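User: Please take a close look at the nonpolar patch on the surface of this model. After that, go on to the nonpolar interior.

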Amino acid sequence: MAAIGQYFPGLALSGSLAALSIELGKLNWLQANGISVLTLAILLGMVVGNTVFPRIAMASAAGVTFSQQNLLRLGIVLYGFRLTFQDIAYVGISGVVIDAMVLSSTFAMAWLLGTKVFKLDQKTILLIGVGSSICGAAAVMATQSVVRARTEQATVAVSTVIVFGTLALFLYPAMYYINEQWQLLSLSPIVSGIYIGATVHEVAQVAAAASSISAEITNTAVITKMIRVMMLGPFLLILSVYLSRRQSRETINMTSRYDTHKTNGRITIPWFALGFSVVIALNSLAILPGAIVSGITEIDTFLLAMAMVALGLSSHISTIRRAGVMPFLFAASLFVWLIFGGLAVTIGVTTWLG
């Protein structure tokens, strides 16, 4: 009982703020402007974390850490109930190829620019790269568990998602209407939807940006985005294998200085990435009634909101200030690539595949 008691204050605090963010997320103005529950959760957490929380941090630390780590992983697994493999049929093979190409090219661009131009630490590069190329804050938090990044590194990465994802809400509709007026490019509603879904950071931001244009574009954009989200599981598995092998090589190099015995590194597979993929497969079979799936997704939203609140509680404005302008310039360069590089990929693939 004592062990459970030490988690209660932090869990109660995270849960209360998560519930508040969910209620606020129902406001029409916030929904219309693409302010998701997860964005609200981290913002509420940061407000409390930089005001009241330091006074109760000692009592709440265990529960907050549990929310940020354990509840997040469970939330990522249950997120799979929002996706089905049948979604792929709606946008066709071209949508899948565009998602894959945008993801891989953006992440490659992140690694190249982050290491060669901006000279950032590798974990910050990975987190900002994943947040830009896959699905925003949820991807950042999931990847944080794999790369074992510090809270302040995740905070900076999520901050870039909020800034540039919010900017996309206004920029993408403006670009669409300018193109309509001047007829610069011939883009069908399906191609426009695929472009938005393949390049905007978060699901809520995709829905908000597309909904200000048309319902047809919104449907295509959201489905394309959800296919992009499906790629999070395989991406985390590949990243985990790569990091494990690199750590193994470094260990062998260090031990070889003293003896010739070879050490085989163990590859660590993140269980929540596997669980995420399994749940998508299960949901695709439509075994569970719709009401149960709906209830699970509501629980999942609450768990992810608690994890985001916990991140916000552990974050301090001074952390973002100390990080400086370089991470945001780095994220801005990826944002520019998503706009123009993503457009080139979308047009090229749809022209090629039809």
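Analyst: Leu 282, Leu 285, Ile 287, Leu 288 and Ile 292 make a nonpolar surface patch of about 450 Å². Such a patch consists of residues with over 30% relative accessible area and no salt bridge, with nonpolar side chains (Val, Leu, Ile, Met, Phe, Trp, Tyr) joined within 5 Å; a salt bridge is a side-chain nitrogen of Lys or Arg within 4 Å of a carboxyl oxygen of Asp or Glu. Areas come from the Shrake-Rupley method with a 1.4 Å probe, and for residues only the protein chains shown count as cover. The model is predicted: local features need pLDDT of at least 70, side-chain atom pairs count only at pLDDT 80 or more, and totals for chains, interfaces and linings use all residues. Residues are numbered from 1 along each chain as its sequence is written, and side-chain values use heavy atoms, without hydrogens and water.

Within the patch, Ile 287 is found in the loop between α12 (271–284) and α13 (290–313); helices are DSSP runs (H or I, at least four residues), numbered from the N terminus. Ile 287 counts as exposed, at 55% relative accessibility (exposed is over 50%, buried under 20%, partly exposed in between).

In the interior, the largest nonpolar core has 98 residues, of which Ile 196 and Phe 330 touch the most other members. A core is a set of buried Ala, Val, Leu, Ile, Met, Phe, Trp, Tyr and Cys residues joined through side-chain atoms within 4.5 Å. Helix α6 (residues 122–147) gives the most to this core, 14 residues. Beyond four places in sequence, the contacts (heavy atoms within 4.5 Å) of Phe 330 include Ala 110, Phe 118 and Ile 128.

Conventions
Buried means under 20% relative accessible area, exposed over 50%, partly exposed in between (1.4 Å probe, protein chains only). Helices (H or I, at least four residues) and strands (E, at least two) are DSSP runs, numbered from the N terminus. Patches are made of residues with over 30% relative accessible area and no salt bridge: like charges are joined within 9 Å, nonpolar side chains (Val, Leu, Ile, Met, Phe, Trp, Tyr) within 5 Å.
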